[in-house]
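The following paragraphs lead through a single protein chain, moving between individual residues and the chain as a whole. Please keep the sequence and the structure in view while reading.

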Amino acid sequence: MATTVPLKDELDIVIPTIRNLDFLEMWRPFFQPYHLIIVQDGDPSKTIKVPDGFDYELYNRNDINKILGPRASCISFKDSACRCFGYMVSKKKYIYTIDDDCFVAKDPSGQDINALEQHIKNLLCPSTPYFFNTLYDPFRDGADFVRGYPFSLREGVSTAVSHGLWLNIPDYDAPTQLVKPLERNTRYVDMVLTIPKGTLFPMCGMNLAFDRELIGPAMYFGLMGDGQPIGRYDDMWAGWCCKVICDHLGLGIKTGLPYIYHSKASNPFVNLKKEYNGIFWQEEIIPFFQQLNLSKESTTVQKCYVEMAKQVNEKLGKVDPYFVKLADAMVTWIEAWDELNPPTKEAAKAPNAASK
């Protein structure tokens, strides 16, 4: 009996890379039915080899410059933040993005974990950001809303983002890597939960899925890497922006399952150089996002994001001139997004469940 492939024609897999994609062999049973968008970082003259049998398109820096013209300046170079170009050129409703050092993990029974399948489950069932359910995700098999959960909130809201986790090498910052060089995550926690409204989180981009139609324009991974004073904050910047916008538009973000196996640790000394400014700046960035209020006029993701960029310029621009440049790039990103994805009547407009 043939098994159906969920969202086969509605989901793209985006992979940023500087190397041959041999890791796809391990993912073949799960990824082969889907279309891949590969964003090649670094030297565009280098040839990236992709295993036979995959349906893919590959973009290098020359392609990005050709497609976006002067607006290509908003796409990072020599940094995995370039992956967000793949989000922009995709024409699918859903995106799954994964790093090329992420392998198939095994669950406690020894079975291979189909990470993509679990992400799809997370995205296709509601989130519950307004009231915490102590049995975690009430929409999973074997769970439900517990006694005392308001019936008026049980419908939930649309899920915009599914944030997966990692076994083996944890996603630590450089100082933590340096003091715990041998630490490995071996704990498999069978749990999915909605991140409550008003709570920020550090989003990791190496095992991440989202609804491009609901939140895509906010998934900008910022200015990182070559020529920038900061790195390794690309996914977290996108996560903070997305969370504030999801809270404003009445959308949900889930975290937990699925796990992937993160195979290798990056160099903590190299990471420290990249993160050094961010470690200081985040003490200003987090309060900024915690206090950020969007106006009632911001009814689409694009409007929210442009309003947010203005506040980044005004408030974080005082922390460092980098944020003035970043705010400009945020606006450029939205212009480029709208050029490649002309807005339709319902584009990026979310049902505002916050009024419930």
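L7 is buried in this predicted model, with a relative accessible area of 15%; that value puts L7 in the buried class because the class takes in residues under 20%. The residue belongs to the segment that precedes β1 (11–17). Its backbone is also notable: phi of L7 is near 55°, a positive value in a residue that is not glycine.

A second residue other than glycine with positive phi is N168, where the angle is near 80°. N168 has its place in strand β6. With a relative accessible area of 13%, N168 is buried.

The backbone offers one further point of interest in strand β9, which comprises residues 252–262. P258 is located in that strand, and the peptide bond leading from L257 to P258 is cis, with omega near 10°.

L257 also leads to another part of the chain, since it appears among the contacts of R140. When neighbours within four places in sequence are set aside, R140 is in contact with L257 as well as with D190, M191 and V192. R140 is situated in the loop that connects α4 and β6. Its relative accessibility of 27% makes R140 partly exposed, because that class lies between the limits of 20% and 50%. The C-alpha atom of R140 is separated by 9.0 Å from that of N122, a residue 18 positions away along the chain.

The loop between α4 (115–124) and β6 (159–168) also holds R147. Is R147 buried or exposed? Its relative accessibility is 85%, so R147 counts as exposed. UniProt lists R147 under "glycosylation site", in an unreviewed entry; such an annotation may be inferred rather than shown by experiment.

From these local features the description turns to the chain as a whole. The chain contains ten helices and nine strands. Its radius of gyration is 20 Å, close to the 21 Å that the globule rule gives for 356 residues, and the chain is therefore as compact as a globular protein of that length. Along the principal axes, the C-alpha atoms fill a box of roughly 55 × 50 × 45 Å. Buried residues make up 52% of the 356 residues. Of the contacts with a separation of 6 or more, 75% join residues that are 24 or more positions apart. The accessible surface comes to about 16,400 Å², and carbon and sulfur atoms account for 53% of that area.

Among the helices, α10 can be followed in some detail. It runs over residues 322–340, and its 19 residues should span 27 Å at 1.5 Å a residue; the C-alpha atoms at its ends are 27 Å apart, so the expected and modelled values agree. Which residues of α10 are buried? They are Y322, F323, L326, A327, A329, M330, T332, W333, I334, A336 and W337. In an α-helix there are 3.6 residues a turn, so residues three or four places apart point the same way. The cover over the buried residues of α10 includes α2 (61–68), α3 (84–89) and α6 (212–215), together with α7 (234–249), α8 (268–291) and α9 (301–315).

One of these covering helices, α8, includes P268. Apart from neighbours within four places in sequence, P268 is in contact with A174, Q177 and L178. Its C-alpha atom is separated by 38 Å from that of P126, which is 142 residues away along the chain.

The cysteines remain to be considered. How many disulfides does the chain have? The count comes to zero, because a disulfide requires two cysteine sulfur atoms within 2.5 Å. For C102, the closest cysteine sulfur is that of C204, at 7.4 Å, which is too far for a bond. C102 is buried, with a relative accessible area of 0%. For C304, the closest cysteine sulfur belongs to C246, and the distance of 9.6 Å is likewise too far for a bond. C304 also counts as buried, at 0% relative accessibility.

Terms used:
Residues are numbered from 1 along each chain as its sequence is written. This is a predicted model: local features need pLDDT of at least 70, side-chain atom pairs count only at pLDDT 80 or more; totals for chains, interfaces and linings use all residues. Side-chain values use heavy atoms; hydrogens and water are left out. Buried means under 20% relative accessible area, exposed over 50%, partly exposed in between (1.4 Å probe, protein chains only). Helices (H or I, at least four residues) and strands (E, at least two) are DSSP runs, numbered from the N terminus. The expected span of a helix is 1.5 Å times one less than its number of residues. Contact means heavy atoms within 4.5 Å. The radius of gyration is taken over C-alpha atoms; the globule rule is 2.2 Å times the number of residues to the power 0.38. Accessible areas come from the Shrake-Rupley method with a 1.4 Å probe; for residues, only the protein chains shown count as cover.
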